[in-house]
Amino acid sequence: MTQTTLSPQGKEEKEDHDSHTATKAHEMAKKQRDISVAEFFEKNRHLLGFDNKRKALLTAVKEAVDNSLDACEEAKILPEISVEIIDMQNDRFRIVVEDNGPGIIKKQIPNIFAKLLYGSKFHKLSQTRGQQGIGISAAALYGQLSTGRRIGIVSKISPKHPAHYFELHLDTKNNTPEIAKEEETEWKKDHGTRIELDLEAIYQKGLQSVDMYLKETAIVNPHCTIIYTNPKAEQIIFPRATDELPPETKEIKPHPHGVELGMLIKMLDATEARTLQSFFTTEFSRVGDGTAKEICSKAGMLPSQKPQEVSRDQAERLMKAIPQVRIISPPTDCLSPIGEENLKRGLKKEINAEFYCATTRPPSVYRGNPFIIEAAVAYGGELGAEEPARVMRFANRVPLQYQQAACSSTKAILDTVWRNYGLQQSRGALPIGPAVILIHMSSVWVPFTSEAKEAMAHYPEIIKEMRLALQECGRELARYTNKKRRLTDELKKRGYIEKYIPYVCSALGELLSLKENNKEEISESLKKILEEKRGKIEDISDDNEEYDEEFASIGQEGEEDEGEAGAKNDKEGDDQEQENGSGKKKRRKKNDDEENEESGEEQGGMDE
């Protein structure tokens with residue numbers, strides 16, 4: 001008698017067939033299926049920065065410009081980027097972004113522009129603006145959803161190669177590109193890429209506008225030329241201020257400090273190294289043979305042990321041993337900070353103040369990723385004395401214009417006691433006074449809170465470095481404000497003395513029967529004595545010959561027309577964070593003793 005052996009799937013089907021009635025679990029199981037990443041973001045486009053029409057326009061332009069800057073810098077080409085926004089009426093706009101980058105080979109064009117999570121930067125540990133492989137294809141997806149139109153791309157890699165034109169559609173079910181049109185075309189450029197994208201949007205000026213984004217991008221990327229044509233057909237040119245590219249960033253390996261246990265176990269399983277010693281020296285930066293042996297010794301393990309044989313408990317011992325070993329700070333050639341002088345120059349161009357200072361912190365590490373924090377402060381001048389300080393946030397030379405209240409940079413500003421530095425501040429609020437505060441983070445992997453890249457996550461290591469940078473700027477500001485206060489008091493005293501010099505001269509003239517010209521000589525002599533005894537008054541404010549009033553006015557809301565003003569109703573509550581976020585932000589409970597202790601530490605300069 002022959003027996004038939006059923007496969008597991010066959011047994012399952014037989015059980016279903018034999019059962020008299022299907023259970024609820026069987027009914028629910030039939031509904032389970034895979035979800036494409038494109039389908040997910042199709043329903044959750046707000047995670048990508050397309051949650052309202054105004055922000056959608058900014059996000060699409062930002063993703064295209066960031067990609068162009070990255071491509072040009074990687075190819076060592078001085079960027080020349082053209083951005084044009086055409087009003088197609090009825091809240092429809094066409095975005096045209098063109099660059100002089102290295103171009104894209106024909107085979108890669110469909111995947112780069114019409115496939116989510118596809119790119120070259122996700123696994124690369126070096127500073128770049130893009131990092132997830134989502135941005136520009138997400139913009140194409142939004143344009144497809146809101147207008148039904150396909151994204152158009154022209155790209156050329158050299159004068160010897162033809163330009164290729166594509167029209168692409170994103171198949172959200174399978175997250176794959178569909179080529180609607182492909183052809184060779186004539187293009188006068190030697191190399192570069194041009195995209196055309198239609199989308200539903202609203203154009204409006206202000207702090208969170210395309211105009212402001214491009215202006216701030218030009219400030220922190222002085223090597224770039226941007227030619228911008230807004231929907232009113234007004235052309236604005238941001239010329240490059242230098243012909244030098246930023247230092248080339250090199251790809252590095254993770255730093256041991258901050259690596260998590262799960263990541264360490266994964267690296268141990270995947271490594272090709274044959275011993276623990278060679279694992280540490282080949283998989284991490286700044287670890288030599290001596291350092292690797294010391295880590296193994298403190299963990300009670302042999303340097304010759306095979307990495308694949310390390311258990312979870314042994315991996316945890318290695319994790320505890322790493323902080324006990326002195327390891328050199330991560331290399332900085334993977335990062336490209338803006339620099340103190342460039343930060344001050346950028347502020348001077350837009351902000352007409354009387355005092356500027358900037359600082360760049362030494363490199364630090366979070367989760368094995370090196371980063372550098374920079375901060376700058378502008379004070380006084382034409383800035384409003386009774387308004388909250390303006391905050392400017394940047395990450396890898398990219399302006400961050402939304403989600404200010406959710407950003408770690410804002411938390412660092414709120415946690416800093418600005419009263420010690422001459423500004424008014426309520427507990428848990430932004431400082432009040434004529435100030436602009438700028439924070440920039442350079443990292444091989446910026447920890448954004450969402451795929452929209454609008455705010456930086458609250459890692460303790462990052463917030464600590466931000467606070468230390470702000471405190472350094474704060475002490476410079478305090479020295480200036482204290483000196484200014486002393487000069488103000490001195491001017492008052494001199495004013496009182498100078499007020500009575502004419503009366504003294506007149507009295508001496510009557511007593512000594514002096515002529516009028518003698519009285520004038522005595523007056524001049526008294527003023528000279530006053531200056532010699534009390535010292536000469538010096539001008540301590542910074543000279544600002546770089547301020548450009550026309551440049552500073554770009555993007556200001558006062559330039560709107562009536563039609564644009566009506567679009568404000570479309571903004572989310574997030575847009576108002578910069579004006580009243582500090583007042584509505586949840587207050588943290590601190591007692592007076594803690595605050596006084598913190599104030600004393602900052603005033604004493606106990607940063608490290």
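Here a biologist asks and a modeller answers about this structure, which is a predicted model.

Biologist: Let's start with the open sheet of eight strands: which strands stand at its edges?

Modeller: The strands line up as E5-E4-E3-E6-E2-E1-E7-E8, with mixed pairing. The twist from one strand to the next averages 15°. Two of the strands have a single partner each, so one side of each has no neighbour in the sheet. Those edge strands are E5 (176-185) and E8 (235-238).

Biologist: How many bridges join E4 to E5, and do they run parallel or antiparallel?

Modeller: Strands of a sheet pair through backbone hydrogen bonds, and they can do so in either sense. One bridge here has Ala 163 partnered with Thr 185 in E5. Counting them up, E4 and E5 are joined by nine bridges, and the run is antiparallel.

Biologist: Which helix lies across E2, E3, E4 and E6, and at what angle to E6 does it run?

Modeller: Helix H7 (residues 210-220) packs on the sheet too, but it touches E1, E7 and E8, and its direction makes about 165° with that of E7. The helix you want is H6, and it runs at about 35° to E6.

Biologist: Now strand E12 (residues 390-395): is it largely enclosed or not, and how many of its residues are buried?

Modeller: E12 has strand partners to look at. Six bridges join it to E14 (residues 435-443) in parallel, and three join it to E13 (residues 398-400) in the antiparallel sense. The strand is largely enclosed by the rest of the structure, because the number of buried residues among its six is five.

Biologist: What is the bridge partner of Arg 393 in E14?

Modeller: Arg 393 belongs to the stretch 390-395 that makes up E12. E12 and E14 run parallel. Across that pairing, the partner of Arg 393 is Ile 439.

Biologist: Which residue in the hairpin of E12 and E13 takes a positive phi?

Modeller: On the E13 side, Val 398 is the bridge partner of Ala 395. The hairpin has two residues between its strands. The one with a positive phi, near 50°, is Asn 396.

Biologist: On to the rings: how are Phe 279 and Phe 284 arranged?

Modeller: The structure holds nine aromatic pairs. For Phe 279 and Phe 284 the centres are 5.7 Å apart and the planes stand at 90°. Angles over 60 degrees get their own name, and for this pair that name is edge-to-face.

Biologist: Is Phe 279 buried or exposed, and what is its relative accessibility?

Modeller: Phe 279 is in a cluster with Phe 280 and Phe 284, linked by ring pairs. Its partner Phe 284 counts as buried because its relative accessibility is 3%. Phe 279 is buried as well, because its own value is 0%.

Biologist: What about Tyr 366 and Tyr 459: how far apart in sequence are the parts they tie together?

Modeller: Their ring centres are 4.9 Å apart with planes at 45°, so the pair is tilted. Tyr 366 is buried at 1% relative accessibility, while Tyr 459 is partly exposed at 25%. Tyr 366 sits in strand E10 and Tyr 459 in the loop between E14 and helix H14, so the separation of the parts they tie together is 93 residues.

Biologist: Which ring does the charged end of Lys 55 sit over?

Modeller: Lys 55 falls within helix H4, which covers residues 53-74. Its charged end is 4.7 Å from the centre of the ring below, and that ring belongs to Tyr 402.

Biologist: Of the salt bridges, how far apart in sequence are the parts tied by Lys 453 and Glu 63?

Modeller: The count comes to 26 salt bridges, and in this one the closest N and O atoms are 3.7 Å apart. Both ends are buried, Lys 453 with 9% relative accessible area and Glu 63 with 4%. Lys 453 is in the loop between E14 and H14 and Glu 63 is in H4, so the parts they tie are apart by 390 residues.

Biologist: And what is the N to O distance between Arg 361 and Glu 472?

Modeller: Arg 361 is buried at 5% relative accessibility, while Glu 472 is partly exposed at 24%. Their side chains meet in a salt bridge, and the N to O distance is 2.7 Å.

How values were computed: Residues are numbered from 1 along each chain as its sequence is written. This is a predicted model: local features need pLDDT of at least 70, side-chain atom pairs count only at pLDDT 80 or more; totals for chains, interfaces and linings use all residues. Side-chain values use heavy atoms; hydrogens and water are left out. Buried means under 20% relative accessible area, exposed over 50%, partly exposed in between (1.4 Å probe, protein chains only). Helices (H or I, at least four residues) and strands (E, at least two) are DSSP runs, numbered from the N terminus. Two strands pair if DSSP finds at least two bridges between them. Rings of Phe, Tyr and Trp (its six-membered ring) pair if their centres lie within 6.5 Å; planes under 30 degrees apart count as stacked, over 60 as edge-to-face and the rest as tilted. A charge sits over a ring if NZ of Lys or CZ of Arg is within 6 Å of the ring centre and within 35 degrees of the ring normal. A salt bridge is a side-chain nitrogen of Lys or Arg within 4 Å of a carboxyl oxygen of Asp or Glu. Axes are lines fitted to C-alpha atoms, for helices over the stretch in contact, and angles run from 0 to 180 degrees between N-to-C directions. Contact means heavy atoms within 4.5 Å.
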